[in-house]
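Which side-chain pairings, ring pairs and surface features can be read from a single set of coordinates, and how far is each of the residues involved covered by its surroundings? The report below takes up these topics in turn.

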Amino acid sequence: FPVTICWQEKKIEHAASVSNLTLTLAIGTVAFGLTLLEKKHVIPGASWSPKLFIASQFLLLISAAFAFMGMASRLEDFSATAQAARLRDMTNRNEAQLAEAREIAESAGKRTKFYLICQVSCFAIGIASLAAVIIIANTL
């Protein structure tokens, strides 16, 4: 039992680190992209190049939005888990309330995982799109 808790803590800590790193890189990359646009380094070589640039910036912002939704979901998960622990430790506990708190915590945990996957996916596609635009612009 304690080993499982240790691994769960490490997993939560790692997921939070990945989310925070991805959020930081996404916001930094949006700023970098806007700087490129301002300095006119992104040359619309093909008709799809400006569209791909806009899509990359949009995906990076969506990635940041998923990060914030994941943070809110994590807070809900922690709160529900704490409430379930308090209810579990009570001598005259209400089993229905305990089951509800556990269900809320489980649901929030699944949402958090989903948001993290969406965040990292949007980030990866956004970075790849921006890289393609930069490569195309520098080869023309």
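What follows describes a predicted model, beginning with its charged pairs and moving on to rings, cysteines, a surface patch and two individual residues.

**Salt bridges**

Side chains of opposite charge can pair when their charged atoms come close. A search of the whole structure yields 3 salt bridges, and the table sets them out with their closest nitrogen-to-oxygen distances.

| Basic residue | Acidic residue | N to O distance |
|---|---|---|
| Arg111 | Glu76 | 2.4 Å |
| Arg88 | Asp89 | 3.6 Å |
| Lys110 | Glu106 | 3.3 Å |

The salt bridge of Arg111 with Glu76, in which the closest N and O atoms are 2.4 Å apart, joins distant parts of the chain, since Arg111 belongs to helix 3 (residues 95–139) and Glu76 to helix 2 (residues 49–89), with their positions 35 residues apart in sequence. Both partners retain some access to the surface: Arg111 is partly exposed at a relative accessible area of 28%, and Glu76 is partly exposed at 35%.

The salt bridge of Lys110 with Glu106 lies within helix 3, where the two residues are 4 residues apart and thus separated by about one helical turn. Here Lys110 is exposed, with a relative accessible area of 55%, whereas Glu106, at 49%, is partly exposed; the boundary between these two classes is placed at 50%, so the two partners receive their labels from opposite sides of that boundary.

In the remaining entry of the table, the side chains of Arg88 and Asp89 meet at 3.6 Å. Arg88 counts as partly exposed, with 42% relative accessibility, while Asp89 counts as exposed, with 57%.

**Aromatic pairs**

A pair of aromatic rings is described by the distance of the centres and the angle of the planes. The structure holds 2 aromatic pairs. In one of them, Phe66 and Tyr115 are 6.2 Å apart from centre to centre with 35° between their planes, a tilted arrangement. Because Phe66 lies in helix 2 and Tyr115 in helix 3, this pair ties together parts that are 49 residues apart in sequence. Phe66 and Tyr115 are both buried, and for Tyr115 the relative accessibility is 16%.

Phe114 and Tyr115 also form a tilted pair, their ring centres being 6.0 Å apart and their planes standing at 55°. Phe114 counts as partly exposed, with 48% relative accessibility. Through these ring pairs, Phe66, Phe114 and Tyr115 are linked into a cluster.

**Cysteines**

How many disulfides does the count come to? The count comes to 0 disulfides. Cys118 takes part in none, and the nearest cysteine sulfur, which belongs to Cys122, is 6.3 Å away. A disulfide would require the sulfur atoms to lie within 2.5 Å, so the 6.3 Å between the sulfurs of Cys122 and Cys118 is too far for a bond. Both of these cysteines are under cover, Cys118 being buried with a relative accessible area of 15% and Cys122 counting as buried at 13%.

**A nonpolar surface patch**

On the surface, Ile12, Leu75 and Phe78 form a nonpolar patch whose members have about 300 Å² of accessible area together. Leu75, one of these residues, has its place in helix 2 and counts as exposed, at 58% relative accessibility.

**Two buried residues in their surroundings**

Thr112 lies in helix 3 and counts as buried, with a relative accessibility of 13%. When residues up to four places away in sequence are set aside, Thr112 touches Gly70, Ser73 and Arg74.

Leu87, found in helix 2, is buried with a relative accessible area of 8%. Leaving aside neighbours within four places in sequence, Leu87 is in contact with Arg93, Gln97, Leu98 and Ala101. What separates Leu87 from Glu13, in sequence and in space? The two residues are 74 residues apart in sequence, and their C-alpha atoms are 25 Å apart in space.

Technical notes. Residues numbered from 1 in each chain as written. Predicted model: local features only at pLDDT ≥ 70, side-chain atom pairs only at ≥ 80, totals over all residues. Heavy atoms only, no water. Salt bridge = Lys/Arg side-chain N within 4 Å of Asp/Glu carboxyl O. Buried < 20%, exposed > 50% of the residue type's maximum accessible area, 1.4 Å probe, protein only. Patch = residues over 30% accessible without salt bridge, like charges linked within 9 Å, V, L, I, M, F, W, Y side chains within 5 Å. Areas by Shrake-Rupley, 256 points an atom, 1.4 Å probe, with all protein chains shown as cover. Contact = heavy atoms within 4.5 Å. Phe/Tyr/Trp six-rings, centres within 6.5 Å; stacked < 30°, edge-to-face > 60°.
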